[in-house]
Amino acid sequence: MLGIETTCDETAAAVVARDSDGKGRILSNVVRSQTDEHALYGGVVPEIAARAHVDMLDHLIDAAMREAGIDYADLNGVAAAAGPGLIGGVIVGLTTAKAIALVHDTPLIAVNHLEAHALTPRLTDAIDFPYCLFLASGGHTQIVAVAGVGDYVRLGTTVDDAMGEAFDKVAKMLGLPYPGGPQVEEAAQRGDAARFAFPRPMLGRSDANFSLSGLKTAVRNEIGRIAHVSAQDIADLCASFQAAVLESTADRLRVGLDLFKQRFGAPTALVAAGGVAANQAIRAALDDVAQQAGTRLIMPPPALCTDNGAMIAWAGLERLALGMIDGMDAAPRARWLL
Ligand code: KG4
Ligand code: ZN
């Protein structure tokens with residue numbers, strides 16, 4: 001299966017095989033990040049992203065096919081992320097996949113990008129359903145019960161900013177470069193997490209939703225109160241912000257896992273994915289939450305947690321195995337709930 005990913009600022013193509021025992025095998029996985037093009041603007045610029053996808057995608061697909069050492073005639077299908085995401089990029093990827101499907105007479109699978117994140121642990125760890133997914137990236141913050149292919153129940157989501165977005169905005173306020181998540185994590189290591197008492201959003205609520213914009217505003221207000229922001233102030237602000245995110249996240253996940261158990265019984269694992277899951281402090285907090293809930297934390301390797309083509313190809317294989325094939329009328333979608 002050829003997989004194509006163009007929903008945000010990564011252009012990616014990959015070829016993944018499924019062995020007779022059901023396990024996945026990545027034959028190639030080529031990702032070209034556009035971070036440099038967008039860094040100047042402090043965030044992803046949709047029009048620049050779409051044009052970069054147009055420039056790069058054909059080359060990446062060629063490279064992925066060559067590295068995999070297979071011919072287009074040998075493909076069992078081509079999968080593209082058909083959303084949710086920046087519509088210009090989604091159109092580029094989906095249209096390219098349709099062209100390949102038509103020319104090489106192979107099935108098209110239009111994959112939900114979030115579904116691909118949700119199914120990735122089955123590619124890497126062959127885990128069984130049902131499991132609980134925590135997805136936290138620049139665009140998404142969700143707790144999802146993954147009960148089967150195509151069977152997803154959203155248990156919690158952010159009511160405002162995505163978690164990665166909050167890290168990026170705080171970094172921007174502090175003059176740290178984009179993407180801000182790794183910068184904030186790094187600065188936090190030198191900071192005093194107890195110096196600023198930031199709010200712990202949604203703490204103790206019986207739903208499993210997140211909120212991050214109030215916390216972000218609290219950081220902005222605190223910065224406004226400091227006459228000359230020193231390197232130590234930045235470190236302390238980052239540490240205090242991250243501590244608030246951690247406590248809130250752990251609380252939200254505890255509730256999410258409770259809701260999960262009520263509806264689906266014990267999960268086979270708590271799975272973390274998305275760029276924010278690369279944060280070591282958050283990872284440690286998730287480990288604790290999983291243990292307390294009597295389950296284990298599984299994190300696909302970082303290269304498969306962030307956006308990539310292999311996860312799209314794998315989701316395509318899972319859907320193809322169940323006969324879920326799409327027609328040429330498959331529509332690109334900016335918004336698409338799981
Ligand atoms: O999954 P991803 O690579 O791309 C999408 O957004 O789809 O996630 C990127 C997001 C960015 O907001 C970035 O700042 C955040 O993940 N991120 C982090 C860390 N590394 C990346 N946030 C907190 N701590 C990190 N170490
Ligand atoms: Zn993603």
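Trainee: At what angle do helix α5 and helix α7 pack, and how far apart are their axes?

Mentor: Helix α5 (residues 163-173) and helix α7 (residues 213-225) pack at about 10°, and their axes lie 10 Å apart. Axes here are lines fitted to C-alpha atoms, for helices over the stretch in contact, and angles run from 0 to 180 degrees between N-to-C directions. Before we go on: this is a predicted model, where local features need pLDDT of at least 70 and side-chain atom pairs count only at pLDDT 80 or more, while totals for chains, interfaces and linings use all residues. Residues are numbered from 1 along each chain as its sequence is written, and chains are lettered from A and ligands numbered from 1 in the order in which they are written.

Trainee: What makes α5 roughly parallel to α7?

Mentor: Angles under 35 degrees count as roughly parallel, over 145 as roughly antiparallel, 65 to 115 as roughly perpendicular and the rest as oblique. The angle is about 10°, so α5 is roughly parallel to α7.

Trainee: Which residues make the contact?

Mentor: From α5 come A166, K169, V170 and M173, and from α7 come L215, K216, V219, R220 and I223. Being in contact means that C-beta atoms, placed from the backbone, lie within 7 Å. By class, this contact has 6 nonpolar, no polar and 3 charged residues. Nonpolar covers Ala, Val, Leu, Ile, Met, Phe, Trp, Tyr, Cys and Pro; charged covers Asp, Glu, Lys and Arg; the others, Gly among them, are polar.

Trainee: What makes β3 and β5 edge strands?

Mentor: The open sheet has 5 strands in the order β3-β2-β1-β4-β5, with mixed pairing. β3 (24-33) and β5 (108-112) each pair on one side only. Helices (H or I, at least four residues) and strands (E, at least two) are DSSP runs, numbered from the N terminus.

Trainee: How do you know that β1 pairs with β2?

Mentor: Two strands pair if DSSP finds at least two bridges between them. Strand β1 (residues 2-5) is joined to strand β2 (residues 10-18) by 4 bridges, so the definition is met. The two strands run antiparallel, and L2 has V15 of β2 as its bridge partner.

Trainee: Which strands does α2 touch?

Mentor: Helix α2 (residues 46-68) packs on the sheet and touches β1, β2 and β3, its direction making about 25° with that of β2.

Trainee: What is unusual about D105 and P84?

Mentor: Most residues other than glycine have a negative phi, and most peptide bonds are trans. D105, in the loop between α3 and β5, has a positive phi near 50°. The bond from G83 to P84 is cis, with omega near -10°. The bond from F129 to P130 is also cis, with omega near -5°.

Trainee: How do you know that ligand 1 lies between the two domains?

Mentor: Domain 1 (2-123 + 303-321) and domain 2 (129-299) both give residues to its shell, so ligand 1 lies between them. Domain bounds come from an automatic or database domain assignment. Of the 20 residues around ligand 1, G138, G164, G181, G275 and N279 come nearest; near means a C-beta atom, placed from the backbone, within 6 Å. By class, the shell has 6 nonpolar, 10 polar and 4 charged residues.

Trainee: Which element gives the largest share of the side of domain 1 that touches domain 2?

Mentor: That is α4, with 7 residues. Overall, 16 residues of domain 1 are in contact with 22 residues of domain 2.

Terms used: Two residues are in contact if their C-beta atoms, placed from the backbone, lie within 7 Å.
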